[in-house]
Amino acid sequence: MFSDLVTLNYQGSAISKPVPVWIAPGQPDDVVTIFMGYGRTRAGRVGTGIGYNAFEVMRSDAMNFGSGSITAVGDQATIASTQIHFNMKGRDILRVWDANDIENELALVHRQNEDMRPKSMYATAAEEYEKGYEKYNRWGMAIDLNSCVGCNACVLACQSENNIPVVGREQVERSREMHWMRIDTYFGGENLSDPDGPHFQPLLCQQCEQAPCEVVCPVTATVHSAEGLNDMVYNRCVGTRYCSNNCPYKVRRFNFMLYQDWDTPQYKLMRNPEVSIRSRGVMEKCTYCTQRISAARIEAEKDGRPIADGEVITACQAACPTDAIVFGDINDKESQVAKLKEDPRNYKLLNELNTQPRTTYLAELKNQNPEMPDYKAPKPRAKKVESHGEDKPAAESGH
């Protein structure tokens with residue numbers, strides 16, 4: 001993604017290097033935000049000389065804000081980003097409801113929450129699988145969008161726990177990022193200068209019951225476990241990438257290069273010994289921290305008891321400061337995750353595709369004070385109308 005370069009003057013001083021500009025919805029007019037921590041001169045081979053040094057213009061009498069100006073230099077720079085658009089294009093991806101109008105919201109999304117399993121060509125096989133889960137744990141996850149603040153702590157925790165490589169800017173520019181989780185950001189409303197949002201949605205492998213990735217793998221490298229996990233068998237993978245192409249959530253990651261160092265001794269101490277290191281040409285994705293599930297299962301078997309609710313805590317769940325992520329056994333009706341999945345706000349992402357994901361989301365709620373000067377009355381949700389055999393929105397919902 002290309003961005004214009006500008007010179008930045010602040011309180012009579014100027015940053016020596018050109019600064020790239022990123023235009024973001026919701027940024028107030030005539031306001032520029034700059035970030036500290038870059039432009040270092042003694043940060044090693046990787047960090048030296050990266051970006052601009054904001055401390056060049058920081059003054060003791062204007063530490064955090066002040067007047068300044070920017071001037072275009074007539075050149076552009078490439079910005080590495082994992083998300084380059086923020087519009088859901090009318091799809092039911094992230095739900096934001098008005099707390100004072102929740103009954104109408106529930107009525108309007110009833111069709112989107114429809115059970116699609118009877119309409120599947122795999123319906124019989126799915127019923128047999130459901131019976132088989134009765135004697136196993138049935139792992140699942142619920143993510144409360146009302147609690148997520150987009151801090152990315154879960155992304156970093158997942159990367160550390162699962163030995164996910166840092167691939168660098170050049171690979172990210174080619175959309176070859178490797179982290180198993182991402183935080184998607186969306187803005188609502190029609191006016192980008194005064195949008196509704198931002199709204200955040202953590203996205204990881206949905207652990208689909210009827211996974212589109214499994215049926216296209218020619219070597220059965222992605223398979224269903226007895227507990228319903230969508231597993232990756234790294235030794236079988238030959239790198240066709242059919243699974244990634246068939247995944248509607250785009251959460252699979254492919255090792256285009258050998259990102260891992262196999263020989264340096266100190267790097268071995270850096271890694272989690274419970275997680276396999278993946279090689280070039282292998283697909284990988286979220287595993288629901290299967291190594292933690294295995295550790296809890298071993299301890300439970302030693303004690304002759306079932307795995308208790310809360311005994312398995314995934315890395316992303318452990319790092320979340322707002323407890324937005326909850327993991328557990330869906331078969332245990334007293335578990336926290338099972339209770340959350342009974343919440344009226346709970347929904348499956350892209351339910352119309354009938355993938356039957358184990359990861360579900362709880363809709364975000366807005367509860368604005370109508371007496372505040374910036375209060376915006378909720379707009380009525382768009383109703384669906386039949387047109388040429390397809391469902392098309394009569395108007396944009398704004399989210």
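These are my notebook entries on a predicted model of one chain.

**Entry 1. Overall counts**

I started with the secondary structure. The chain holds 10 helices and 18 strands. Next I checked burial: 41% of the 399 residues count as buried. I then looked at how far contacts reach along the sequence. Taking contacts between residues at least 6 apart, I find that 66% join residues at least 24 apart. For the surface I noted an accessible area of about 23,000 Å². Carbon and sulfur atoms account for 52% of that area.

**Entry 2. The cores**

Which residues touch the most other members of the largest nonpolar core? I find Trp-139, Met-141, Met-181 and Tyr-288, in a core of 59 residues. I listed the elements that give two or more residues to this core. The strands are β5 (96-98), β6 (139-144), β7 (182-188), β8 (196-203) and β13 (325-329). The helices are α4 (153-161) and α8 (290-303). Another core, of 9 residues, lies apart from this one. Its members include Val-6, Tyr-10, Ile-15 and Tyr-52.

I went back to Met-181 and left out its neighbours within four places in sequence. Met-181 is then in contact with Cys-154, Val-155 and Cys-158, among others. Its contacts also include Pro-202, Leu-203 and Leu-204. Cys-316 and Ile-325 are on the list as well.

**Entry 3. Helix α4**

I looked up which residues of α4 are buried. They are Cys-154, Val-155, Ala-157, Cys-158, Gln-159 and Glu-161. Cys-154, Val-155 and Cys-158 are the ones I had already noted as contacts of Met-181. What covers the buried residues of α4? The cover includes β7, α8, α9 and β13. Just after the helix, Asn-163 takes a positive phi of about 55°.

**Entry 4. The four-stranded sheet**

I traced an open sheet of 4 strands, in the order β13-β6-β15-β14. The pairing is mixed. Strands of a sheet pair through backbone hydrogen bonds, either parallel or antiparallel. The edge strands are β13 and β14 (346-347), and each pairs on one side only.

Is β13 enclosed or open, given its place at the edge? I find 5 of its 5 residues buried, so the strand is largely enclosed by the rest of the structure. β13 runs antiparallel to β6, with 5 bridges between them. In that pair, Ala-142 stands opposite Val-326.

At the other edge, β14 pairs with β15 (residues 359-362). This pair is antiparallel too, over 2 bridges. Tyr-347 stands opposite Tyr-361 there.

**Entry 5. Thr-314**

I picked a loop residue next. Thr-314 lies in the loop between α8 and α9 (315-319). Is Thr-314 buried or exposed? It is buried, because its relative accessibility is 1%, below the 20% cut-off. Away from its sequence neighbours within four places, Thr-314 is in contact with Met-141, Tyr-288, Cys-289, Arg-292 and Phe-327. Met-141 and Tyr-288 are two of the core residues from Entry 2. I also took a distance to β13. Thr-314 and Ile-325 are 11 residues apart in sequence, and their C-alpha atoms are 9.0 Å apart.

**Entry 6. Positive phi values**

Most residues other than glycine have a negative phi, and most peptide bonds are trans. I looked for exceptions in phi. Cys-289, a contact of Thr-314, has a positive phi near 50°. Cys-289 lies in the loop between β12 (283-284) and α8. Its relative accessible area is 7%, so Cys-289 is buried.

Gln-207 also has a positive phi, of about 50°. I place Gln-207 in the loop between β8 and β9 (222-224). Its relative accessibility is 0%, so Gln-207 counts as buried.

**Entry 7. Cavities**

How many cavities of 30 Å³ or more does the whole structure hold? The search finds 4. The largest has about 100 Å³ of space. I count 14 lining residues for it. Closest to its centre are Cys-148, Cys-151, Cys-154, Cys-320 and Pro-321. Cys-154 is also one of the buried residues of α4.

**Entry 8. Val-46**

Last, I checked a residue at the surface. Val-46 is found in helix α1 (residues 44-47). Val-46 is exposed, because its relative accessible area is 64%, over the 50% cut-off. Val-46 and Gly-168 are 122 residues apart along the chain. Their C-alpha atoms are separated by 9.4 Å.

Definitions and conventions
Residues are numbered from 1 along each chain as its sequence is written. This is a predicted model: local features need pLDDT of at least 70, side-chain atom pairs count only at pLDDT 80 or more; totals for chains, interfaces and linings use all residues. Side-chain values use heavy atoms; hydrogens and water are left out. A nonpolar core is a set of buried Ala, Val, Leu, Ile, Met, Phe, Trp, Tyr and Cys residues joined through side-chain atoms within 4.5 Å. Buried means under 20% relative accessible area, exposed over 50%, partly exposed in between (1.4 Å probe, protein chains only). Contact means heavy atoms within 4.5 Å. Accessible areas come from the Shrake-Rupley method with a 1.4 Å probe; for residues, only the protein chains shown count as cover. Two strands pair if DSSP finds at least two bridges between them. On a 1 Å grid over the protein atoms alone, a cavity is a set of points where a 1.4 Å probe fits but cannot get out, and a pocket is an open set with protein on both sides within 12 Å along at least five of seven lines; lining residues have an atom within 4 Å of a point. Grid points are joined across faces, edges and corners, and a volume is the space filled by probe spheres set on the points.
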